[in-house]
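Dear colleague,

I am passing on a structure that you have not worked with before, and my notes on it follow below. Please keep it open beside this message while you read.

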Amino acid sequence: MSRVTLERLLQSQGFGTRRNCQQLIAAGHVRVAGEVVLDPRLQVHGEGLEFTVFDEPWVSSEHVYLALNKPAGYECSRRPSHHPGVLSLLPEPLRARGVQPVGRLDHDTTGLLLLSDDGAFIHAQSSPRRKVPKHYVACTRDPVTPELVGALLAGVQLHDEPAPLAALQCEPLGTNRVAIALEQGKYHQVKRMLAAAGNHCVALQRVAIGRLRLDALDLPEGAWCHLGEAERELLAPG
Ligand code: URA
C-alpha cells in the first residue's frame, strides 16, 4: 500500500463501506497522529499508519496475523452451530476484513489459535506437507503410564487412517497429564490417539505451534494479539 485517501484506508482496514468511513471521519471520530481529521480525502500512508477510531488505536497493514488464547466453548468453524464462534472474540473491523482461523481446534480445546486474512499464510500454515510440530498438553481420565507414552511414540492405529500415527514427542507431566507433540493435524487427533492407546482425554490445550509458545505471548484466555514478523518466524519449520 502506498499513499491513499483516509476513507479508502479505513475501508481497507474493515471499518465499513466507503460511505460509512466518510461519515466516521466527518463526525470527528478518527484521529491521525493525535489530531482529529475531518477530511476523508486526506492523503495518508497506506501501511503502518497509526490512527484511532473512537479512541481505539490501530496500525494499518495489508494483512493481519493474530494469536488467540482460545477458551473452551467456542467453535472454529465458519458457521458455528452449537457454540459461539472464535471470531466473536475479535473486534468488528478484524472480522469485517475477513480474518479466519488457521486450522481448527475442537470447541472444548483451549490454547493457541492463529488467525489471519492472508490467504497464502493460512494455506501455507495449514498444508499437511508443512512439518511444524503442534504441542499439546492433555489431561487424562486414567493415569499416564510408561506403556501409554510408549504406544503414542511408537504409533497407534486410528480407524480411518491407512497407517499408525505416532507422536513426535510425548512426556508425562504428572499422574494425569501428558505433553504430546504432533506433526500432523488430523481431526480430533490427540483425543483419538489417546483413546486408541487405551486412555481418555478429559481436557486439551494447545501450548505451542513450532517455536511460538502461548505462555510467551502472555495472553489471558479469550484475549488476542498481533503477531509481528519475529513471532511469525517462530512458526517456520525446523
Ligand atoms: N487434537 C484434538 O483431538 N483436538 C484438537 O482440538 C486438536 C488436536
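From which domains does the lining of the largest pocket draw at least three residues each? The model is a predicted one, and in it domain 2 (65–128 + 214–233) and domain 3 (133–209) each supply at least three residues to that lining.

The largest pocket holds about 930 Å³ of space. Its lining is made up of 32 residues, and those closest to the centre of the pocket are Gly103, Arg104, Leu105, Gly185 and Lys186. Two or more lining residues come from each of the elements β9 (109–116), α4 (119–126), β10 (134–140), α6 (189–196) and β13 (201–209), and of these it is β13 that gives the most, with 3 residues. Sorted by class, the lining of the largest pocket contains 12 nonpolar, 11 polar and 9 charged residues.

The second largest pocket, with about 330 Å³ of space, has a lining of 20 residues, and Val59, Ser61, His63, Val64 and His226 are the ones that lie nearest its centre. The elements that contribute two or more residues to this lining are β6 (56–59) and β15 (224–226), with β6 providing the largest share, 4 residues. By class, the lining of the second largest pocket divides into 9 nonpolar, 6 polar and 5 charged residues. Because domain 1 (3–59) and domain 2 (65–128 + 214–233) both give residues to the lining of the second largest pocket, this pocket lies between them.

I also looked at a single residue, histidine 83, which is found in the loop between β7 (65–70) and α3 (92–96). Is histidine 83 buried, exposed or partly exposed? Its relative accessibility is 28%, and because partly exposed covers the range between under 20% (buried) and over 50% (exposed), histidine 83 counts as partly exposed. If its neighbours within four places in sequence are left aside, histidine 83 is in contact with Gly73, Tyr74, Glu75 and His107. With one of these residues, histidine 107, there is also a polar contact from side chain to side chain, at 3.4 Å. As for glycine 150, that residue is 67 residues away from histidine 83 in sequence, and the distance between the two in space is 36 Å, taken from C-alpha to C-alpha.

With kind regards

Methods: Residues are numbered from 1 along each chain as its sequence is written. This is a predicted model: local features need pLDDT of at least 70, side-chain atom pairs count only at pLDDT 80 or more; totals for chains, interfaces and linings use all residues. Side-chain values use heavy atoms; hydrogens and water are left out. Buried means under 20% relative accessible area, exposed over 50%, partly exposed in between (1.4 Å probe, protein chains only). Contact means heavy atoms within 4.5 Å. A polar contact is a pair of N or O atoms within 3.5 Å; within protein, one must be able to donate a hydrogen and the other to accept it, and residues adjacent in sequence count only if both atoms are side-chain atoms. On a 1 Å grid over the protein atoms alone, a cavity is a set of points where a 1.4 Å probe fits but cannot get out, and a pocket is an open set with protein on both sides within 12 Å along at least five of seven lines; lining residues have an atom within 4 Å of a point. Grid points are joined across faces, edges and corners, and a volume is the space filled by probe spheres set on the points. Ala, Val, Leu, Ile, Met, Phe, Trp, Tyr, Cys and Pro count as nonpolar, Asp, Glu, Lys and Arg as charged, and the others, Gly among them, as polar. Domain bounds come from an automatic or database domain assignment.
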